[in-house]
Amino acid sequence: MNAAPVVAIVGAESTGKSTLAAALAERIRAEAGLRCAVVDEFLREWCDREGRTPRPDEQLPIAREQQRRIAAASRANELVVADTTPLMVAIYSRLLFGDDSLVPMAVQAQRGVAATLLTALDLPWVADGHQRDGPQVREPVDRALRELMAAHGLAWSVVGGHGAARVEQALAAVAPLLARLAPAGAGLFTRLAERDAAMPAW
(Lines give C-alpha, C1' and ligand atoms only; values in the text may rest on other atoms or scores of the structure.)
Protein backbone atom coordinates (compact mmCIF):
# COMPACT_ATOMS: atom_id res chain seq x y z
CA MET A 1 0.00 0.00 0.00
CA ASN A 2 1.33 3.43 -0.93
CA ALA A 3 1.88 5.99 1.81
CA ALA A 4 -1.10 8.29 2.31
CA PRO A 5 -0.79 12.08 2.19
CA VAL A 6 -0.28 13.89 5.48
CA VAL A 7 -1.92 17.12 6.62
CA ALA A 8 0.39 18.60 9.26
CA ILE A 9 -0.89 20.98 11.92
CA VAL A 10 1.81 23.15 13.49
CA GLY A 11 1.74 26.19 15.72
CA ALA A 12 2.64 27.63 19.09
CA GLU A 13 1.37 26.12 22.33
CA SER A 14 -2.30 26.48 23.24
CA THR A 15 -3.41 27.38 19.72
CA GLY A 16 -5.86 24.51 19.35
CA LYS A 17 -3.78 22.05 17.33
CA SER A 18 -5.09 18.91 19.04
CA THR A 19 -8.71 20.03 18.96
CA LEU A 20 -8.42 21.03 15.31
CA ALA A 21 -6.74 17.76 14.32
CA ALA A 22 -9.55 15.67 15.79
CA ALA A 23 -12.33 17.86 14.38
CA LEU A 24 -10.76 18.10 10.92
CA ALA A 25 -10.26 14.34 10.68
CA GLU A 26 -13.88 13.79 11.67
CA ARG A 27 -15.11 16.16 8.96
CA ILE A 28 -12.85 14.54 6.37
CA ARG A 29 -14.23 11.10 7.19
CA ALA A 30 -17.80 12.39 6.98
CA GLU A 31 -17.53 14.59 3.89
CA ALA A 32 -14.77 12.99 1.84
CA GLY A 33 -15.43 9.37 2.76
CA LEU A 34 -11.75 8.76 3.40
CA ARG A 35 -10.11 6.56 6.01
CA CYS A 36 -8.42 9.35 7.93
CA ALA A 37 -6.25 8.87 11.03
CA VAL A 38 -5.03 11.38 13.60
CA VAL A 39 -1.47 11.14 14.92
CA ASP A 40 -1.34 12.75 18.35
CA GLU A 41 1.58 14.76 19.68
CA PHE A 42 4.13 12.35 21.14
CA LEU A 43 5.71 15.10 23.28
CA ARG A 44 2.51 15.39 25.30
CA GLU A 45 2.53 11.66 25.96
CA TRP A 46 6.23 11.83 26.86
CA CYS A 47 5.77 14.69 29.34
CA ASP A 48 2.80 12.97 30.99
CA ARG A 49 4.80 9.76 31.35
CA GLU A 50 8.02 11.35 32.63
CA GLY A 51 6.41 14.12 34.68
CA ARG A 52 8.75 16.75 33.22
CA THR A 53 9.86 18.42 30.02
CA PRO A 54 12.68 16.84 27.98
CA ARG A 55 16.37 17.65 28.21
CA PRO A 56 18.32 18.78 25.13
CA ASP A 57 19.61 15.25 24.47
CA GLU A 58 16.05 13.89 24.51
CA GLN A 59 14.73 16.15 21.77
CA LEU A 60 15.93 14.11 18.79
CA PRO A 61 14.41 10.78 19.96
CA ILE A 62 11.10 12.57 20.50
CA ALA A 63 11.21 14.08 17.00
CA ARG A 64 12.07 10.70 15.49
CA GLU A 65 9.23 8.96 17.32
CA GLN A 66 6.76 11.61 16.16
CA GLN A 67 7.85 11.05 12.57
CA ARG A 68 7.79 7.25 12.98
CA ARG A 69 4.17 7.40 14.14
CA ILE A 70 3.19 9.66 11.26
CA ALA A 71 4.84 7.31 8.75
CA ALA A 72 3.16 4.26 10.28
CA ALA A 73 -0.28 5.90 10.13
CA SER A 74 0.38 6.97 6.55
CA ARG A 75 0.99 3.36 5.52
CA ALA A 76 -2.28 2.18 7.08
CA ASN A 77 -4.75 4.89 6.01
CA GLU A 78 -5.91 7.01 3.09
CA LEU A 79 -5.09 10.33 4.76
CA VAL A 80 -3.35 11.38 7.98
CA VAL A 81 -3.83 14.49 10.10
CA ALA A 82 -0.74 15.00 12.25
CA ASP A 83 -1.08 16.98 15.47
CA THR A 84 2.40 18.51 15.14
CA THR A 85 5.55 17.26 13.39
CA PRO A 86 9.29 17.15 14.11
CA LEU A 87 9.36 20.78 12.96
CA MET A 88 7.89 21.89 16.29
CA VAL A 89 10.48 19.90 18.24
CA ALA A 90 13.20 21.61 16.21
CA ILE A 91 11.72 25.04 16.92
CA TYR A 92 11.63 24.46 20.66
CA SER A 93 15.16 23.02 20.60
CA ARG A 94 16.31 26.19 18.88
CA LEU A 95 14.48 28.58 21.22
CA LEU A 96 15.04 26.78 24.52
CA PHE A 97 18.51 25.30 24.05
CA GLY A 98 20.06 27.22 21.14
CA ASP A 99 20.29 23.90 19.29
CA ASP A 100 19.73 23.87 15.52
CA SER A 101 20.85 20.28 14.99
CA LEU A 102 17.28 19.01 14.50
CA VAL A 103 16.44 21.48 11.74
CA PRO A 104 17.68 19.45 8.73
CA MET A 105 15.78 16.32 9.81
CA ALA A 106 12.65 18.32 10.64
CA VAL A 107 12.68 20.26 7.36
CA GLN A 108 13.13 17.07 5.36
CA ALA A 109 10.17 15.50 7.17
CA GLN A 110 8.05 18.60 6.57
CA ARG A 111 8.78 18.54 2.85
CA GLY A 112 7.06 15.17 2.76
CA VAL A 113 3.66 16.41 3.95
CA ALA A 114 0.90 17.30 1.52
CA ALA A 115 -0.34 20.39 3.38
CA THR A 116 0.75 22.39 6.42
CA LEU A 117 -1.78 24.27 8.56
CA LEU A 118 -0.43 26.91 10.95
CA THR A 119 -2.75 27.68 13.86
CA ALA A 120 -3.22 31.39 14.54
CA LEU A 121 -2.67 33.02 17.93
CA ASP A 122 -6.31 34.07 18.33
CA LEU A 123 -7.31 31.56 21.03
CA PRO A 124 -6.88 32.23 24.76
CA TRP A 125 -3.89 30.56 26.39
CA VAL A 126 -4.73 27.61 28.65
CA ALA A 127 -2.33 25.92 31.09
CA ASP A 128 -1.57 22.27 30.37
CA GLY A 129 0.64 20.69 33.03
CA HIS A 130 4.34 20.29 32.29
CA GLN A 131 4.16 21.03 28.60
CA ARG A 132 3.26 24.72 28.37
CA ASP A 133 5.50 27.62 29.30
CA GLY A 134 3.06 30.53 29.23
CA PRO A 135 1.36 32.94 26.83
CA GLN A 136 4.52 35.01 26.49
CA VAL A 137 6.21 32.31 24.40
CA ARG A 138 3.52 32.03 21.75
CA GLU A 139 4.56 35.01 19.62
CA PRO A 140 8.28 34.10 19.60
CA VAL A 141 7.42 30.51 18.66
CA ASP A 142 5.03 31.62 15.92
CA ARG A 143 7.60 34.04 14.55
CA ALA A 144 10.42 31.46 14.64
CA LEU A 145 8.21 28.88 12.95
CA ARG A 146 7.21 31.22 10.13
CA GLU A 147 10.81 32.31 9.61
CA LEU A 148 12.09 28.74 9.49
CA MET A 149 9.43 27.61 7.02
CA ALA A 150 9.99 30.66 4.82
CA ALA A 151 13.77 30.18 4.87
CA HIS A 152 13.37 26.62 3.59
CA GLY A 153 10.61 27.28 1.08
CA LEU A 154 7.92 25.43 3.01
CA ALA A 155 4.38 26.54 2.25
CA TRP A 156 1.63 26.85 4.84
CA SER A 157 -1.93 28.07 5.33
CA VAL A 158 -2.90 30.01 8.45
CA VAL A 159 -6.02 28.72 10.20
CA GLY A 160 -7.84 31.05 12.59
CA GLY A 161 -11.25 31.65 14.07
CA HIS A 162 -13.10 29.97 16.90
CA GLY A 163 -14.91 26.65 17.07
CA ALA A 164 -16.59 25.57 13.86
CA ALA A 165 -15.15 28.56 11.96
CA ARG A 166 -11.62 27.28 12.61
CA VAL A 167 -12.51 23.84 11.29
CA GLU A 168 -14.13 25.38 8.21
CA GLN A 169 -10.97 27.33 7.46
CA ALA A 170 -8.88 24.19 7.78
CA LEU A 171 -11.25 22.22 5.57
CA ALA A 172 -11.16 24.94 2.92
CA ALA A 173 -7.35 24.94 3.00
CA VAL A 174 -7.14 21.21 2.31
CA ALA A 175 -10.13 21.02 -0.06
CA PRO A 176 -7.98 20.78 -3.24
CA LEU A 177 -6.11 17.83 -1.71
CA LEU A 178 -9.35 16.14 -0.67
CA ALA A 179 -10.87 16.62 -4.10
CA ARG A 180 -8.05 14.52 -5.56
CA LEU A 181 -8.44 11.77 -2.97
CA ALA A 182 -12.17 11.52 -2.30
CA PRO A 183 -14.19 8.87 -4.15
CA ALA A 184 -16.70 10.05 -6.74
CA GLY A 185 -20.04 10.85 -5.18
CA ALA A 186 -18.60 11.89 -1.83
CA GLY A 187 -20.41 14.77 -0.17
CA LEU A 188 -17.28 16.86 -0.49
CA PHE A 189 -17.84 17.33 -4.23
CA THR A 190 -21.28 18.82 -3.66
CA ARG A 191 -19.79 21.08 -1.01
CA LEU A 192 -17.01 22.27 -3.32
CA ALA A 193 -19.43 22.88 -6.18
CA GLU A 194 -21.70 24.94 -3.94
CA ARG A 195 -18.75 26.95 -2.63
CA ASP A 196 -17.48 27.66 -6.15
CA ALA A 197 -20.96 28.67 -7.32
CA ALA A 198 -21.22 31.14 -4.44
CA MET A 199 -17.95 32.85 -5.37
CA PRO A 200 -18.27 36.13 -7.30
CA ALA A 201 -17.36 36.05 -10.97
CA TRP A 202 -14.12 37.89 -11.72
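**Exercise 1. Decide whether Thr84 is buried or exposed, and find what surrounds this residue.**

Solution. The model is a predicted one, in which local features need pLDDT of at least 70 and side-chain atom pairs count only at pLDDT 80 or more, while totals for chains, interfaces and linings use all residues. Residues are numbered from 1 along each chain as its sequence is written, and side-chain values use heavy atoms, with hydrogens and water left out.

Step 1: the relative accessibility of Thr84 is 4%, and therefore Thr84 counts as buried (buried means under 20% relative accessible area, exposed over 50%, and partly exposed in between, with a 1.4 Å probe and protein chains only).

Step 2: Thr84 lies in the loop between strand S3 (79-83) and helix H4 (86-97), where helices (H or I, at least four residues) and strands (E, at least two) are DSSP runs numbered from the N terminus.

Step 3: once neighbours within four places in sequence are set aside, Thr84 is in contact with Ile9, Glu41, Gln66 and Ile70, contact being heavy atoms within 4.5 Å.

**Exercise 2. Work out how many residues of S3 are buried, and which strands pair with S3.**

Solution. Step 1: 5 of the 5 residues of S3 are buried, so this strand is largely enclosed by the rest of the structure.

Step 2: in a regular strand the side chains alternate between the two faces of the sheet. In S3, Leu79, Val81 and Asp83 point one way, whereas Val80 and Ala82 point the other way.

Step 3: S1 and S3 run parallel and are joined by 4 bridges, and S2 also pairs with S3 in the parallel sense over 4 bridges; two strands pair if DSSP finds at least two bridges between them. Val7 has Val81 of S3 as its bridge partner, and Val39 has Ala82 of S3.

**Exercise 3. Check the span of helix H3, and find which elements its buried residues pack against.**

Solution. Step 1: helix H3 (residues 59-76) has 18 residues, which at 1.5 Å a residue should span 26 Å, since the expected span is 1.5 Å times one less than the number of residues. The end C-alpha atoms of H3 are 26 Å apart, which agrees.

Step 2: the buried residues of H3 include Gln66 and Ile70, both of which are also in contact with Thr84.

Step 3: the buried residues of H3 pack against strand S1 (6-10), strand S2 (36-39), helix H2 (42-50), S3, H4 and helix H5 (103-111).
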